[in-house]
Amino acid sequence: MDLQLRGKIALVTAASKGLGKATARQFARENAKIAICARSELIDKTAAEIESKTGTEVLSLRADVTSQPLWGS
């Protein structure tokens with residue numbers, strides 16, 4: 001499938017497993033630049049797995065996007 005993502009940047013949240021992981025992997029296969037985040041400590045392992053399977057560099061961040069940052073108060 002060609003989603004025309006080459007050179008685009010994708011941020012995928014909840015990407016340590018399941019649908020988020022599958023989405024990130026597919027975006028990587030489509031040559032998008034990938035940043036993934038999740039609350040789980042599995043996020044770094046997931047990034048390494050996606051990189052090894054697709055050859056695309058993946059930035060992984062451990063984050064909880066449901067909590068408000070301190071600077072946003």
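Mentor: Let's start with a term: a polar contact is a pair of N or O atoms within 3.5 Å, where, within protein, one must be able to donate a hydrogen and the other to accept it. Keep in mind that this is a predicted model.

Trainee: OK, so which side chain does Ser-60 reach with a polar contact?

Mentor: The side chain of Asp-44, at 2.6 Å. Ser-60 sits in strand β3, residues 58-62. Setting aside neighbours within four places in sequence, Ser-60 also touches Ile-36, Ile-43 and Ala-47, besides Asp-44 itself.

Trainee: Let me step back to the fold. What pattern does the protein follow along the sequence?

Mentor: Read along the chain, the order is β-α-β-α-β, which gives two helices and three strands.

Trainee: And how do I judge the overall packing? What radius of gyration does the protein have, and what would a compact globule have?

Mentor: The idea is to compare the value with the one expected for the chain length. A compact globule of 73 residues would come out near 11 Å, and this protein has 13 Å, which agrees. The C-alpha trace spans about 40 × 25 × 20 Å along its principal axes.

Trainee: How much of the contact network links distant parts of the sequence, taking residues 24 or more positions apart?

Mentor: Among contacts with a separation of 6 or more, such pairs account for 55%. For a concrete pair, take Leu-5 and Asn-31: they are 26 residues apart along the chain, yet their C-alpha atoms are separated by 6.2 Å.

Trainee: Is Leu-5 buried or exposed?

Mentor: The cut-off you need is that buried means under 20% relative accessible area. Leu-5 has 19%, so it counts as buried. Leu-5 lies in the segment before β1 (9-13), and beyond its neighbours within four places in sequence it contacts Phe-27, Glu-30, Asn-31 and Ala-32.

Trainee: What about its partner Asn-31, then: where is it found?

Mentor: Asn-31 is in the loop between α1 and β2 (33-38). With a relative accessible area of 34%, Asn-31 is partly exposed. Check its backbone too: phi is positive, about 70°, although Asn-31 is not a glycine.

Trainee: Where does Ala-14, another non-glycine with a positive phi, lie?

Mentor: In the loop between β1 and α1. The phi of Ala-14 is about 55°, and at 53% relative accessibility Ala-14 counts as exposed.

Trainee: Now a charged residue. Is Lys-21 buried or exposed?

Mentor: Look at the number before guessing from the residue type. Lys-21 has 16% relative accessibility, so it counts as buried. Lys-21 belongs to helix α1, residues 18-29.

Trainee: And which side chain does Lys-21 join through a polar contact?

Mentor: Glu-49, at 3.0 Å. Outside its neighbours within four places in sequence, Lys-21 has contacts including Thr-46, Glu-49 and Ile-50, as well as Ala-14 from the loop we just discussed.

Trainee: Zooming out again, how far apart are the mean positions of the positive and negative charges?

Mentor: Here you average the places of each charge type and compare the two points. For the 11 positive and 8 negative charges, those points are 3 Å apart.

Trainee: Last one, the surface: how much area does the protein expose, and what share comes from carbon and sulfur atoms?

Mentor: About 5,100 Å², with carbon and sulfur atoms supplying 53%. To go with that, 33% of the 73 residues count as buried, with Leu-5 and Lys-21 among the buried ones.

Notes: Residues numbered from 1 in each chain as written. Predicted model: local features only at pLDDT ≥ 70, side-chain atom pairs only at ≥ 80, totals over all residues. Heavy atoms only, no water. Helix = DSSP H or I, 4+ residues; strand = E, 2+ residues; numbered from the N terminus. Rg over C-alpha atoms; globule rule 2.2 N^0.38 Å. Buried < 20%, exposed > 50% of the residue type's maximum accessible area, 1.4 Å probe, protein only. Contact = heavy atoms within 4.5 Å. Areas by Shrake-Rupley, 256 points an atom, 1.4 Å probe, with all protein chains shown as cover. Lys, Arg positive; Asp, Glu negative; His and termini not counted. Charge placed at Lys NZ, Arg CZ, Asp CG, Glu CD.
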